[in-house]
Amino acid sequence: MKTIKLFLIKHRFRLTILSAVVTGIIALINFYYILVLNPVSNDECIWEPSKGYNHTVILTFRNVKVDGVTWNAGIRDGDILLEIDDVKVRNANEAQITLNKRVTGDFAKYVFERNGKKLEGLVYIKKLISFGNLGIALLGFIWLVVGFIVVMGKIDGKVQRVFYRIGVAFVLFMSILLISDAFDSNPMMKYLGFVLTFDVIWSAGAFALPFMLVYFFLLFPKPFRIIEKKWLVKALVISSIVLFLLTYLYRWFVVYIPGNPTMYQLVVRIANAGIGVGLLVGFILLFINYRRIKTKEERKPYFIILIAYTLGLLSVVYVNTLANVIADTIFNSPEYYMPIILVALIPVSFAYSIFKYQLMDISVVVKNTIIYGVATASIAIIYLLFSYVLGQSIGLAIGTQYRSAIAAIAFVIFAFVFQSTKEKFQRWLTRKFYPEQFTYQEVVLKFSNEVVTIVGKDNILDNMTETFVSSLKIKRFGILLQENNSAVYLLKREFGITTTNMRINDDNKLLHNYVMDRIKINQQPFIDQQKFAEIFPAESELLLAEEIFTVVPMIIKSKIIGLLLFGVKYSGSEFAGKDIELLCAAANQSGVALENARLYESEVKKLTIERDLENARKIQESLLPKELPKLEGLEICGKMIPAMQVGGDYFDLIQVSPTKLFVIVGDVSGKGLSASIYMSKLQTMVQLYCVEGSSPKDILVQINKKIYENIERNWFITVSLALIDTATKSIKFCRAGHAPLLIVNNSINILQSKGIGLGLEEGKIFEESLEEIEIPFKHNEVFVFFSDGISEAMNEKNDLYGIEGLAEVIKNNNSKPVKEIMSEVMRSIETFRGNYEQNDDITIVLVKPV
């Protein structure tokens with residue numbers, strides 16, 4: 001069960017997109033059915049059935065609308081319907097099916113009886129759309145769209161996920177139309193599998209929906225205390241499942257097996273009643289929650305939702321009560337039933353309040369997407385137009401035969417200029433439109449660079465407090481550190497927190513297990529307010545009272561050494577999205593710094609140098625990937641074996657999309673703790689800059705600017721950085737003074753692009769020296785990224801293992817999986833070295849397209 005849960009959490013983003021696509025398709029099919037396939041032909045009267053001779057059914061015209069289409073055909077109340085389009089009428093259902101075959105504007109031939117005489121009349125065809133179905137379908141579709149945007153803004157948010165699932169449930173509920181037995185014009189009705197599948201789908205959505213509505217409004221806008229009771233959630237889920245199963249068994253034993261379709265309506269009535277109760281309870285909870293909000297300003301976004309919700313409910317009540325009194329029949333006065341469309345205002349009001357008042361942490365995401373997207377597109381259009389005009393103008397001046405070549409050259413120049421200008425412009429946009437976000441990025445990056453160089457635990461804690469409180473103007477902040485390797489964390493620094501003796505106890509390992517699970521699935525290990533009751537059951541009320549909104553752990557080698565507590569930002573909003581990534585990166589750097597401070601204190605207490613180096617080595621290992629990414633079409637294997645002295649080797653694998661993967665291998669010059677510290681700084685910068693849309697060369701240029709400002713002049717770092725794209729089957733490779741890239745198949749190719757090490761030069765010469773190469777790759781090629789600890793491995797005769805030795809081993813084992821190739825490489829090196837001591841870190845990453 002836990003494995004399934006981890007799988008769902010790990011792939012939540014993709015599964016959410018998949019579910020949205022599938023549900024969206026169902027929603028569109030629902031609309032097609034309502035608007036195209038299922039409109040009822042309307043003759044503006046009622047056929048009243050009665051029993052005739054020999055158990056036949058007689059259909060008598062009633063409520064014929066004066067000047068309506070049936071009235072104009074000469075038919076009056078009391079006439080008896082005999083035929084429609086030469087098809088004898090046996091019952092109302094068959095008569096309606098015959099009439100439905102006609103399209104709007106046609107004339108249907110009615111044969112009817114009056115006073116024993118057969119008469120004929122041509123009835124003009126009108127179509128009647130079910131406004132009730134259309135209203136609920138609109139409600140479900142709009143809720144689905146808004147919910148998808150909301151959940152994408154905060155994929156881990158409990159409120160966001162429940163809100164999205166309500167939209168899914170509404171859409172699934174409306175898929176009942178696809179198997180309605182009242183309309184035999186549906187060509188899919190003859191397929192039993194289709195009918196049974198959608199029977200399960202619509203009822204699953206229908207019987208989950210009321211409980212989802214109750215659960216959501218227990219959480220939104222502010223959670224009720226009862227929601228902290230674990231039994232409540234279980235009760236809601238179990239009730240939904242039990243109701244679904246009972247009605248499903250009823251359908252089989254009362255409807256399907258006996259062949260009694262009329263009894264199916266009981267299930268539909270139960271479902272409709274349940275959804276109605278769910279909407280009503282949700283409204284009551286929303287109203288109570290609205291009354292709990294103290295200030296008028298805070299109430300404003302929820303007032304809009306409350307008004308729309310009220311109108312929606314009133315429209316449902318009206319259609320089911322007053323409309324039936326005012327209108328003699330829906331066929332004669334369908335306009336009286338149109339207000340049911342107002343139910344769609346409920347998700348519309350949510351959308352308005354969410355995006356205008358930043359509810360559910362979503363408006364910033366949308367705003368960022370719009371601004372950055374429009375800005376980038378604008379630059380692209382300007383450059384394209386300029387390049388095109390320039391190319392055409394030069395072509396006209398030189399001659400038409402060169403016009404295409406000149407235009408092509410202009411577009412190539414555009415591609416290079418656009419990439420650098422786009423990034424500079426986006427940076428300017430961030431500074432201009434999002435000064436708070438820009439400041440956070442700059443301050444946290446500077447802090448990450450500096451904190452690992454500070455000596456002494458107290459100095460580090462003071463610097464952390466100063467950074468987050470003064471520079472970022474956070475209103476609540478606290479640092480808790482682990483007490484003597486126990487499960488207790490004590491408050492060591494605070495700002496704005498009144499409980500100065502705060503402590504968090506994790507004896508039950510809820511915090512530890514949650515954080516480790518998040519790391520396993522490559523998710524940021526932070527805890528927001530929605531998780532407090534689950535992760536901190538004893539301290540959740542205290543954290544809420546102190547207005548703490550986010551907790552970020554400091555982790556070293558799978559061990560939580562401390563917690564950072566954050567209130568809201570200066571703007572009053574919570575930390576989310578990119579902010580969380582920056583805070584987690586800063587927490588990791590703080591953890592490294594605090595661990596190094598602990599090692600320093602241990603050294604002062606005369607612990608051995610070997611103990612210090614061993615702990616630093618573990619820090620180094622903890623920064624390496626804990627789980628290799630899995631890309632379709634690629635086999636990946638990585639290994640780092642540190643030498644006896646702690647070095648600065650480092651590798652990382654960063655997946656930025658389903659088809660793109662950054663591979664990084666680095667080597668810090670020198671040994672010991674300093675090398676480990678610089679390596680950890682490199683890791684932080686790599687994590688920050690390796691994002692979708694960045695090229696290896698651009699990333700190395702940005703990292704070099706930061707590294708040069710802080711690295712000692714006698715230190716430098718070599719790095720190989722590659723971007724592998726399985727969609728285009730290509731690899732971009734850039735090398736900053738590092739070992740070359742080996743490409744092994746039937747032949748051996750050594751890719752040695754130009755470039756000097758990081759930290760050797762401030763910027764211009766470094767950037768000009770870098771050469772980025774892009775090549776296609778083929779199946780069963782092996783790309784070998786390695787450090788000089790392999791090529792310079794020595795034996796007792798002082799012979800070097802060499803690049804040739806490495807390439808030969810891989811070539812001989814090329815057909816094997818990469819894990820077996822890796823084992824053969826390690827075995828070959830050990831055999832070559834013999835009893836000679838390993839004198840440098842050994843790092844190697846193998847990537848094989850399959």
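## Touring a predicted chain

The protein chain has 27 helices and 24 strands. The model is predicted.

Visitor: What percentage of the 850 residues of the protein chain count as buried?
Guide: Buried means under 20% relative accessible area. The protein chain exposes about 40800 Å², with carbon and sulfur atoms supplying 60% of that. Of its 850 residues, the share that counts as buried is 50%.

Visitor: What is the strand order in the open sheet of six strands?
Guide: The pairing in this sheet is antiparallel. Its edge strands, β11 (503-505) and β12 (527-528), each pair on one side only. The full order is β11-β10-β9-β14-β13-β12.

Visitor: Which residue in β11 stands opposite Tyr489?
Guide: Strand β10 covers residues 488-495 and runs antiparallel to β11. Three bridges join the two. Opposite Tyr489 stands Ile504.

Visitor: What angle does the direction of helix α16 make with that of β9?
Guide: Helix α16 (residues 457-471) packs on the sheet. It touches β9 (477-482), β10, β13 (550-556) and β14 (559-566). Its direction and that of β9 make an angle of about 155°.

Visitor: Is β14 largely enclosed or largely open, and how many of its eight residues are buried?
Guide: In the sheet order, β14 sits between β9 and β13. Five bridges join β14 to β9, and seven bridges pair β14 with β13. The strand is largely enclosed by the rest of the structure, because the buried count among its eight residues is seven.

Visitor: Which residue takes a positive phi in the hairpin of β13 and β14?
Guide: The hairpin has two residues between the strands. Ile556 has Lys559 in β14 as its bridge partner. The residue with a positive phi, near 40°, is Lys557.

Visitor: Which element gives the largest share of the nonpolar patch?
Guide: The patch has an area of about 550 Å² and is made by Phe303, Ile307, Leu311, Leu314, Leu342, Leu345 and Val348. Two elements give two or more residues each: α10 (296-320) and α12 (345-357). The largest share, four residues, comes from α10.

Visitor: Is Ile307 buried, partly exposed or exposed?
Guide: Ile307 is found in helix α10. Partly exposed lies between the 20% and 50% limits. Ile307 has 39% relative accessibility, so the class is partly exposed.

Visitor: What distance separates the C-alpha atoms of Phe355 and Val146?
Guide: Phe355 has its place in helix α12. Its relative accessible area is 31%, so Phe355 is partly exposed. Phe355 and Val146 are 209 residues apart along the chain, yet their C-alpha atoms are separated by 9.8 Å.

Visitor: Which residue meets Asp86 in a salt bridge?
Guide: Asp86 lies in the loop between β4 (80-84) and β5 (87-88), and its partner lies in strand β6 (residues 107-114), 23 residues apart. Asp86 counts as exposed at 54% relative accessibility. The N to O distance is 2.6 Å, and the partner is Lys109.

Visitor: In which helix do Glu824 and Arg827 lie?
Guide: Their side chains meet in a salt bridge (2.9 Å, N to O). Glu824 counts as partly exposed at 24% relative accessibility. Arg827 is partly exposed too, with a relative accessible area of 45%. The two are three residues apart, about one turn of the helix, and that helix is α27.

Visitor: How many salt bridges does a search of the whole structure find?
Guide: Side chains of opposite charge can pair when their charged atoms come close. Glu94 and Arg90 form one salt bridge, at 3.0 Å from N to O. Salt bridges with shared partners join Glu44, Lys65 and Lys126 into one network. For the whole structure, the search finds 19.

Conventions
Residues numbered from 1 in each chain as written. Predicted model: local features only at pLDDT ≥ 70, side-chain atom pairs only at ≥ 80, totals over all residues. Heavy atoms only, no water. Patch = residues over 30% accessible without salt bridge, like charges linked within 9 Å, V, L, I, M, F, W, Y side chains within 5 Å. Areas by Shrake-Rupley, 256 points an atom, 1.4 Å probe, with all protein chains shown as cover. Salt bridge = Lys/Arg side-chain N within 4 Å of Asp/Glu carboxyl O. Buried < 20%, exposed > 50% of the residue type's maximum accessible area, 1.4 Å probe, protein only. Pairing = 2+ DSSP bridges. Contact = heavy atoms within 4.5 Å. Axes fitted to C-alpha atoms, helices over the stretch in contact; angles between N-to-C directions.
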